[in-house]
Amino acid sequence: MSVSGTTPQGVTSEREASQWVRGMFGRIAGRYDLLNHVLSFNLDRVWRARLVTRVSDILNRPDARVLDLCCGTADVLRKMEGRGTAHTFGSDFCHPMLTQARRKVSSPLFEADALTLPLADQSLDLITIAFGFRNLANYQGGLEELWRVLKPGGVVAILEFSQPTNRAFGAIYGFFSTRMLPWIGGLVSGSREAYSYLPESIRKFPNADELAAQMQSSGFARVDFERMAGGAVALHIGRK
């Protein structure tokens, strides 16, 4: 990988990156859901539903402990609550996001940094992350923390933006994400900075093959991924 973690413009350390991302999401929390649906043409609902479907076997275990990490406003967590019998939890390091999440779900929520989770070793059966892993200040550290808290046989599911595989679609996607997305996102949310960060963070993030390789090098086995939306989104599954 070319970078160790997210690198917002102007930051010089992992601590600054983390603080920048937390503050940015806090400013847009109230409009986050609306913009997700508008800017993805409602496809974000489909992508999240696909994640939940892929892990449904674990969700149907009554004794399973499942964490939706970087849960944001809890769209994935809400889908998991209605899908199975597992014990579900949500966590995010941005308090305004958790305030929004509390309106949607009954699962316990806690505020924590994904790089230093207040959880015991080998305590979870499943961790899901939807569009949050890309924002970590240290990707390797994030994978190591996921590995630490998963039980042997546990699963991590990472849904994240990626790079389109078709050149023509990639050109269209690039124009929309760099020109239209900051304008629309800024107009609706009041923070053009946040929606300028989004395409830049995607551009710097590892592509699907690179992320799979890093997951494997971090100890995850039987890593596989599926591309969606012409490769603009990828769902990775790894097992401990």
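Q: Which residues form a nonpolar patch on the surface?
A: In this predicted model, Phe-41, Leu-43 and Val-46 form the patch, with about 320 Å² of accessible area together. Patches are made of residues with over 30% relative accessible area and no salt bridge, nonpolar side chains (Val, Leu, Ile, Met, Phe, Trp, Tyr) being joined within 5 Å and like charges within 9 Å. Accessible areas come from the Shrake-Rupley method with a 1.4 Å probe, and for residues only the protein chains shown count as cover.

Q: Why is Phe-41 called exposed?
A: Its relative accessible area is 65%. Exposed means over 50%, buried under 20%, and partly exposed in between (1.4 Å probe, protein chains only). Phe-41 therefore counts as exposed. Its place is in the loop between α2 (32-39) and α3.

Q: How do you know that the length of helix α3 agrees with its 12 residues?
A: Helices (H or I, at least four residues) and strands (E, at least two) are DSSP runs, numbered from the N terminus. The expected span of a helix is 1.5 Å times one less than its number of residues. For α3 (residues 43-54) this gives 16 Å, and the end C-alpha atoms are 17 Å apart, which agrees.

Q: Which residues of α3 are buried, and what makes them line one face of the helix?
A: The buried residues are Asp-44, Trp-47, Arg-48, Leu-51 and Val-52. Seen down the axis of α3, they fall within an arc of 140 degrees, so they line one face. The arc is that of the directions from the helix axis to the C-beta atoms.

Q: What makes the contact of Asp-125 and Lys-151 a salt bridge?
A: A salt bridge is a side-chain nitrogen of Lys or Arg within 4 Å of a carboxyl oxygen of Asp or Glu. For Asp-125 and Lys-151 the N to O distance is 3.3 Å. Asp-125 lies in strand β4 (residues 124-130) and Lys-151 in strand β5 (residues 150-161), so the pair ties together parts that are 26 residues apart in sequence.

Q: Why is Asp-125 called buried, and why is Lys-151 called partly exposed?
A: Asp-125 has 13% relative accessibility and therefore counts as buried. Lys-151, at 27%, counts as partly exposed.

Q: On what basis are residues numbered and features accepted?
A: Residues are numbered from 1 along each chain as its sequence is written, and side-chain values use heavy atoms, with hydrogens and water left out. In this predicted model, local features need pLDDT of at least 70 and side-chain atom pairs count only at pLDDT 80 or more, while totals for chains, interfaces and linings use all residues.
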